[in-house]
Amino acid sequence: MIRFYQKENIFKLDTPNTSYVMGIACGRYLTHIYYGKYINSVNIGYIIDMDAEDINGIKMDMGEKPGFLDKLPMEYSFGGMGDYRESCIELSSDFGQRGVELLYDSYEIIDGKPELKGLPSTFGEDSQTLIIYLKDDVHGIKVELRYSVFEGIDAVIRSVILKNTGDKTLYVNKILSSCLELPENDYDYLALHGSWGRERHMERQHIGFGKYSVGSARGISSHQEHPFMAVLSEDATQEHGDVYAMNFVYSGNFISQIEKSQFGSHRFVMGINPEGFCWKLSAGEEFTAPEVVLVYSDSGIDKMSHTFHDLYRDHLIRKQWVYAERPVLINNWEGTYFDFDEKKIYDIAEEASKHGIEMLVMDDGWFGHRNDDRTSLGDWYVNEDKLKGGLKKLVDNINSLGMKFGIWFEPEMISPDSDVYREHPDWAVRIPGREPGQRRNQLIIDLSKREVIEYVYESVAKILRSANIEYVKWDMNRGFTDVASACLDSDRQGEVMHRHMLAVYELQGRLLEEFPYLLLENCSSGGGRLDPGMLYYSPQIWCSDDTDAIERLAIQEGTALMYPLSVIGAHVSDCPNHAVGRVTPFETRGIVAMAGTFGYELDITKISDEDRDMISGQVEMYKKYCPLIQSGDYYRVASYQQNHYYDCYEIVSKDKNEAMLVFIQVMAQINMGGRLIKLKGLNPDKKYSIEDKIYTGDTLMNAGFLIKRPDGDFKAKIYNIKAV
Ligand code: DGJ
């Protein structure tokens, strides 16, 4: 529910348990007043002394304007006028002027949530949107701040549209999407860091004075940092304390930053990374900045995760897939790498079909003359020396086993050793006069060019039209370097990476329009682009190239912080694990992969009979738990990252009648008794059965459930919990 209270000059957005309040200070500036637990009253402007002529003791007269602005909690900050904290917007006009002053203009409140042109965004009719217009008449701009809320969800969705209303060209050097001011307090921040194969490891740090910033300038949301940050009260835990989180619905460069000011207040911002960015905005044009999801929880991290999960399941991921049982797939990548032919693929599919696996995904290496990673990206035609008889025949044969067929592409790339590059050397992203740096022997194809977008679309679509292909794995295996486009003017070179992202969104959107049944799985050297932007198009995303069950615990824990388990691509692979060389029991690999979109990634014809015989049981178990995994509330019970011995999580159905508890003993310990685990999220008044014993919910949650410690390392078990 959103309202403007005229007497108090206050905008108030209420969700079931939170309130977000802004005001118009001195009739000029949109100021942030409060975000937190739901409050009933509108008499709240006093907390920044709004109804007095001055704010926080600083007079708003022209003699003290800079000092006033430097202290005001800004709803959308601007620099150059006195506020020296992080600004959200920076422009330069054709005569070089940079400072911006955004004054309040007007507002409207509408039912529903308008789409964001060209960008992924949350959707749903049970929503309301507040649009606040700010303006700077000197630059000739109007800034539209949008705030949406969905019924029953404790999140506020923000985005920004900048319009050039003047008659001069402007250059947008920076345009962030969200700014949140928090009052003086002791806070920590929680961010996700990593590397290839080590994505989204959580790190929590205390916030001192100054700026703490994470971001990506790689052109993808990246393995290294993640477009998510949470600011927590110092005492916050999984179950208690304040958590303010932001997650960016965008898959390219981003910045996320918390800054503690001289007065102890905090400014928390998120948006497109200004580094390398500059967008030319001619008279009459507008620029839309991607949306940020803001979540507040008064009960710690678990509640924050539930809000993100519910929001993404009900308002971001395509309805058709979100709660649908996904096919259990087998992918040949770790099984064969590039060394396969049609017989090998068929043999894997044939064996897999006997064990309940439902889809074969043919990974990299089926096109051009690609037998290693040095060639052929961009030559999206079938290598018939490898796949004799062609693709349709292979797909038909696999379909006749009762299995679906999926295929891999890396559409955003071009290999220097490819027919398409030889014909169009100007189609690569590169700086004229410089030899472009390759990664994995490849260059990025220049999606600033309309003709390249059309070429890429047709290349992929032609293959999809040629056979019954029901799944695409869309990969992206390098970050940007040598950023420049041959088709853009010199004053538009700062647009290349954002244009690339817009083109990727357009391509994926078009594919889904032409092939509406298609199951799309995004991937970027593992989980380098697992973000809400990509989730809008693909309901599952490959989480990491590290398939080791133990390494996956931290990766999946960090990923599940805001993404529902149903989106986390997780596969059972062979041992010793190809990434880390560790040997874990097949059973444990299955249990860990079940906290995601379950599949296999091995040559099923080569593994031991003992492992192979376990597959049907694992598939059956996954199917049994699938509805719970897809729609339940996820609770983090214990983290191996913290205790170094075991990992434990729980998924509870919304009606609290069913739950699963997953326990993984990473390291065995000598001379210890059973492990007492306090369960979460159950109904205290209900009775539950676990392994044929009956307990009350309050006993399980307060006294705990006693787990008999298994012998040995890397042991895992699922406990089924049912209300009786
Ligand atoms: C990186 C992906 O993460 C892998 O799963 C695999 O598809 C390779 N690319 C193929 O080149």
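Here are four short exercises, with worked solutions, on a predicted model.

**Exercise 1: The nonpolar core**

Find which residues have the most contacts inside the largest nonpolar core, then list what Trp366 touches beyond its neighbours within four places in sequence.

*Solution.*
Step 1. Start with the background: in soluble globular proteins, nonpolar side chains tend to be buried together.
Step 2. Here the largest nonpolar core has 203 residues, and those with the most contacts inside it are Met362, Trp366, Ile407 and Tyr600.
Step 3. Now look around Trp366, leaving aside its neighbours within four places in sequence: it is in contact with Phe340, Trp380, Tyr381, Val382, Asn383, Leu387, Ile407, Trp408, Phe409 and Ile463.
Step 4. Finish with a second, separate core of 19 residues, which includes Ile677, Ile690, Leu700 and Ile721.

**Exercise 2: Classifying ring pairs**

Decide how the rings of Phe4 and Phe11, and then those of Trp380 and Trp408, are arranged: stacked, edge-to-face or tilted.

*Solution.*
Step 1. Recall the cut-offs: planes under 30 degrees apart count as stacked, over 60 as edge-to-face, and the rest as tilted.
Step 2. For Phe4 and Phe11, the centres are 4.6 Å apart and the angle between the planes is 40°, a tilted pair. Both of these residues are buried.
Step 3. For Trp380 and Trp408, the centres are 6.3 Å apart and the planes are at 55°, so this pair is tilted.
Step 4. Place the tryptophans on the chain: Trp380 is in the loop between β23 (359-362) and α6 (390-399), while Trp408 is in strand β24 (residues 404-409), 28 residues apart. Trp380 and Trp408 are both buried.
Step 5. For the whole structure, the count is 41 aromatic pairs.

**Exercise 3: An enclosed helix**

Work out why helix α11 is largely enclosed by the rest of the structure.

*Solution.*
Step 1. Find the helix at residues 551-559.
Step 2. Apply the cut-off: a residue is buried under 20% relative accessible area.
Step 3. Name the buried residues: Arg552, Leu553, Ala554, Ile555, Gln556, Glu557, Gly558 and Thr559.
Step 4. Conclude: eight of the nine residues are buried, so α11 is largely enclosed.

**Exercise 4: Around the ligand**

Identify which residues come nearest to the ligand, and give the distances for the polar side-chain atoms of Asp364, Trp408 and Trp542.

*Solution.*
Step 1. Of the 13 residues around the ligand, Asp363, Asp364, Lys473, Asp475 and Asp545 come nearest.
Step 2. A side-chain N or O atom of Asp364 is 2.6 Å from a ligand oxygen atom.
Step 3. For Trp408, a polar side-chain atom lies 3.1 Å from an oxygen atom of the ligand.
Step 4. For Trp542, the distance from a side-chain N or O atom to a ligand oxygen is 3.5 Å.

Terms used. Residues are numbered from 1 along each chain as its sequence is written. This is a predicted model: local features need pLDDT of at least 70, side-chain atom pairs count only at pLDDT 80 or more; totals for chains, interfaces and linings use all residues. Side-chain values use heavy atoms; hydrogens and water are left out. A nonpolar core is a set of buried Ala, Val, Leu, Ile, Met, Phe, Trp, Tyr and Cys residues joined through side-chain atoms within 4.5 Å. Buried means under 20% relative accessible area, exposed over 50%, partly exposed in between (1.4 Å probe, protein chains only). Contact means heavy atoms within 4.5 Å. Rings of Phe, Tyr and Trp (its six-membered ring) pair if their centres lie within 6.5 Å; planes under 30 degrees apart count as stacked, over 60 as edge-to-face and the rest as tilted. Helices (H or I, at least four residues) and strands (E, at least two) are DSSP runs, numbered from the N terminus. A residue is near a molecule or strand if one of its heavy atoms lies within 4 Å of it. A polar contact is a pair of N or O atoms within 3.5 Å; within protein, one must be able to donate a hydrogen and the other to accept it, and residues adjacent in sequence count only if both atoms are side-chain atoms.
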